[in-house]
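Today I opened my notebook to look at how two chains meet. Come along and follow what I looked up.

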Amino acid sequence: MKRVILTELLPGMVLAKPVTNSAGLPVVAEGAVLDDVMIARFKKLDLPSVFVEGEAGSAGGKTLAELEVELEHRFRHVCQDPLQQTILTALREHLHSTHGTADLEKGAPAS
Amino acid sequence: MSPSAATDFRNRIEQLGDLPTLPHVVQKLASMIGRPNVSAEEIGSLIEKDQVLAAKVLRLANSPFYGFPSRIASVPHAVVVLGLNVVKGLTLCATAHDIMKDAGLGQLWRHSLGVAITAQLLGKQLEMKNVEEVFVAGLLHDIGKVILYVKWPDVGKKIRAANPSGDRPMMHVEHDLYEVSHAEVGGWLANAWHLPATLREPILFHHQPGAAQDAQLQTAVVHVADVLVKGMACGNPGDEWVPPLSRQAWDLVGLDTESLAGCISRASEEFLAIDDYL
């Protein structure tokens, strides 16, 4: 089970916990397969995030390779600085340690 | 824009006492805290008059980020445990949170919470005395953006329009157009709210920590935390890339490879709980 913020929800994800409205009443039951209509409804409910099935850490269903590209892109203006390189390396290693296994299980490339 | 833009902004900030979104309680609190003999009881009961605000302060004070073993059940208790400046800061945070949420700036709040959490982790590592204060400094560091982009939508609109691809640092665009940045606007606001240097300088100098005078360490901690959190992409403060890092601030914080890795891994664990506070 993992927590996914609304903007990263994708059709096809499976709810791991029921979604409730502000009064605490269930709106969609656990096990429901998300579609665009449901995701739009969640956005109207002003929910911060929902729980869906899947490995924690595989953010928004992105692969490790995609996350690494995004990481390097964020550092694009400061990558000449050796200090920032140190931070970038540490963040890359963190990504590998938290996402490596989950991606290997899904058969995605590990680098 | 005329050269008087900065002066005009400053005047507007100084009149912010009239802000409808700045609760009467917060204004009263600001003046009360300036008094030398004010008691925790007095401050606490003033905040408790506004029940919504009191609930928000208690919610933040009881958040897992602080990790107090027992529940803080009243605002006077929070004042005793957290200190006056922290409670005052939390009151402002609760207000800022409302403004950000109403304006659809949830991502800015997420970024601010991320910086607060990371600054607190760094503060603990440095064995700083008042880590709650750097947490609040982190929460408030981008408060100037709330003013520029929410309170003055005409200003925010122009800044965004001048940077459609988001590829330039917002700060440079703000400077080009108005000769001030969100950091300076935040600093003026901190002044108007009579915040102590330990909160004002991290807000004012979070992009140029070398300029801090009375709160160099707090400013360095918030600066480094801001860079790390942007690297980790926790929330989106408006421009989604990592800003330049001050070597001086980095050295003050003194992270080695091992402590950097530890900080990143602890911060990312705590980020998972952020959604509960959005």
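My entries below go from the contact between the chains to a pair of helices.

**Entry 1: the model.** I noted that this is a predicted model, and I kept that in mind throughout.

**Entry 2: who takes part.** How many residues does each chain give to the contact? I found 26 residues from chain B and 19 residues from chain A. Between them, chain B and chain A bury about 1900 Å², and 65% of that area lies on carbon and sulfur atoms.

**Entry 3: polar links.** I looked for salt bridges between chain B and chain A and the count was zero. I did find five residue pairs in polar contact across this interface, both residues of each pair being at pLDDT 80 or more.

**Entry 4: chain B's side.** Which elements of chain B give two or more residues to the side that touches chain A? My list reads helix 7 (106–125), helix 14 (216–232), helix 15 (247–253) and helix 16 (257–271) of chain B. Helix 14 of chain B has the largest share, with five residues. I sorted the residues of this side of chain B into 14 nonpolar, eight charged and four polar.

**Entry 5: two of those helices together.** Next I followed helix 14 and helix 16 of chain B, whose axes come within 11 Å and cross at roughly 65°. Their crossing is right-handed. From helix 14 of chain B, I wrote down Leu228(B), Val229(B) and Met232(B). They meet Leu260(B), Cys263(B), Ile264(B), Ala267(B), Ser268(B) and Phe271(B) in helix 16 of chain B. I sorted the residues of this contact too: eight are nonpolar, one is polar and none is charged.

Methods: Residues numbered from 1 in each chain as written. Chains lettered and ligands numbered in written order. Predicted model: local features only at pLDDT ≥ 70, side-chain atom pairs only at ≥ 80, totals over all residues. Heavy atoms only, no water. Contact = heavy atoms within 4.5 Å. Buried area = accessible area lost by both parts, 1.4 Å probe. Salt bridge = Lys/Arg side-chain N within 4 Å of Asp/Glu carboxyl O. Polar contact = N/O pair within 3.5 Å; in protein donor to acceptor, adjacent residues only side chain to side chain. Helix = DSSP H or I, 4+ residues; strand = E, 2+ residues; numbered from the N terminus. Nonpolar A, V, L, I, M, F, W, Y, C, P; charged D, E, K, R; others polar. Axes fitted to C-alpha atoms, helices over the stretch in contact; angles between N-to-C directions. Left-handed = near helix turned anticlockwise from the far one by under 90°.
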